[in-house]
Amino acid sequence: MTETRKEHEGTAVEAGSLATQRFAESGKLSGLDIPVERVNAIASDLVDALNEIAVKHSATYEEFNAFKAWLIKVGSDGEWPLFLDVWLEHTIEDINSQDRPGVVGTIEGPYYVPNAPQMQTPATLEMREDEEGTPFVFQGDFTDTAGNPIKDATVEIWHADAQGFYSQYAPELPKWLFRGTVAADENGHFEIHTKRPAPYQIPTDGACGQLIAAAGWHAWRPAHIHIKVHAPGYQLVTQQLYFPGDVHNEDDIAGAVKPELMLDPQDNPEAPGEMATYNYVLAREGETK
């Protein structure tokens, strides 16, 4: 490809603004009614924790003012979705999926876009004519916890390109690049043709990057494929699937890597590139361990 990474690189403010807008439009707050007792308990613990941290570290006024300015910048950069998805969502996901049988999930992250183009298996995600990257076939089967095939299952998939950028969050990329909604066949089998994604850094020119630099952290996420799997009557599972050998599998800035989410790519015997099989065992609605 002729484009360079710099030509596609958006700013943290641009990406943050989009992530904030999409969260506001997602409907996740629709009908939200958290009891006052619950708000009081969580908010009180949060305030207490902040005060305990200040006491523990003998915080100075200079540090207090720097913290206040940074919180303001997180909001002005639109990076609250990024901050919370990177440093908190993995814990929320663990809590809320601990009683769900079947496959393991992990965080959604800030770059999900609903209503990606619908396709039937075998499907090929949208790519540019000279798309960089190793050809990659992702396939598998859907079953319930008793081993029965699941009909009408759907795989939503999205991932970064070979330069580490997501469509709709970086300039110049095709709208639905490496995004799709793929229907499995009547036997619960799916097959998706794409390109292997690259590791990438989360945006570093905004408030989150400022924190990373000040704390001496790195900003890297290992290469991964995002997945949402649906089937009528079954519980939704959101995943990120990873590739063995990535140097950041052990120190992912988002803390989202789990052994159960590691793919096992093999050489594709039928075409250049790689392929990996990952089977989905889904729990029915209301089913628990």
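Start by selecting helix H7, residues 207-215 of this predicted model, and look at what lies over its buried residues, where the cover includes helices H4 and H5. The buried residues of H7 are Ala-207, Cys-208, Gly-209 and Ile-212, and picking them out one by one, with H4 and H5 also shown, lets you see part of what covers them. Then step just past the end of H7 to Gly-216, whose phi is positive, at about 75°.

Next, keep H4 on display, which runs over residues 61-76, and select Leu-71, a residue placed in that helix. Is Leu-71 buried, partly exposed or exposed? Its relative accessibility is 31%, and because buried means under 20% and exposed means over 50%, Leu-71 counts as partly exposed.

From Leu-71, widen the selection to the nonpolar patch on the surface, which is formed by Leu-46, Leu-50, Ile-53, Phe-67, Leu-71, Trp-80, Leu-84, Leu-88, Ile-92 and Ile-95, and which has about 870 Å² of accessible area together. Colouring by element is useful here, as two or more residues of the patch are given by each of H3 (36-56), H4 (61-76), H5 (80-87) and H6 (89-97). The largest share, 3 residues, comes from H3.

Ile-92, one of the patch residues, leads on to the largest pocket, since it is also among the residues that lie nearest the centre of that pocket, together with Phe-23, Lys-28, Asp-85 and Glu-89. The volume of this pocket is about 1,600 Å³, and 37 residues line it. To follow the lining, select helix H2 (12-25), then H3, H5 and H6, and finally strand E10 (237-242), which are the elements that give two or more residues to it. Which element gives the most to this lining? That is H6, with 6 residues.

The last stop is enclosed space, and the whole structure holds 4 cavities of 30 Å³ or more. In the largest cavity there is about 80 Å³ of space, and among its 13 lining residues, those closest to the centre are Val-86, Gly-109, Pro-110, Tyr-200 and Arg-221, which make a good selection for finding the spot. H5 supplies the largest share of this lining, with 3 residues. Leave H5 highlighted as you finish, for this helix has appeared at several stops: in the cover of the buried residues of H7, in the nonpolar patch, in the lining of the largest pocket, and in the lining of the largest cavity.

Definitions and conventions
Residues numbered from 1 in each chain as written. Predicted model: local features only at pLDDT ≥ 70, side-chain atom pairs only at ≥ 80, totals over all residues. Heavy atoms only, no water. Patch = residues over 30% accessible without salt bridge, like charges linked within 9 Å, V, L, I, M, F, W, Y side chains within 5 Å. Areas by Shrake-Rupley, 256 points an atom, 1.4 Å probe, with all protein chains shown as cover. Salt bridge = Lys/Arg side-chain N within 4 Å of Asp/Glu carboxyl O. Helix = DSSP H or I, 4+ residues; strand = E, 2+ residues; numbered from the N terminus. Buried < 20%, exposed > 50% of the residue type's maximum accessible area, 1.4 Å probe, protein only. Contact = heavy atoms within 4.5 Å. 1 Å grid on protein atoms, 1.4 Å probe; cavity = no way out; pocket = protein on both sides within 12 Å on 5 of 7 lines; lining within 4 Å. Points joined across faces, edges and corners; volume = space filled by probe spheres on them.
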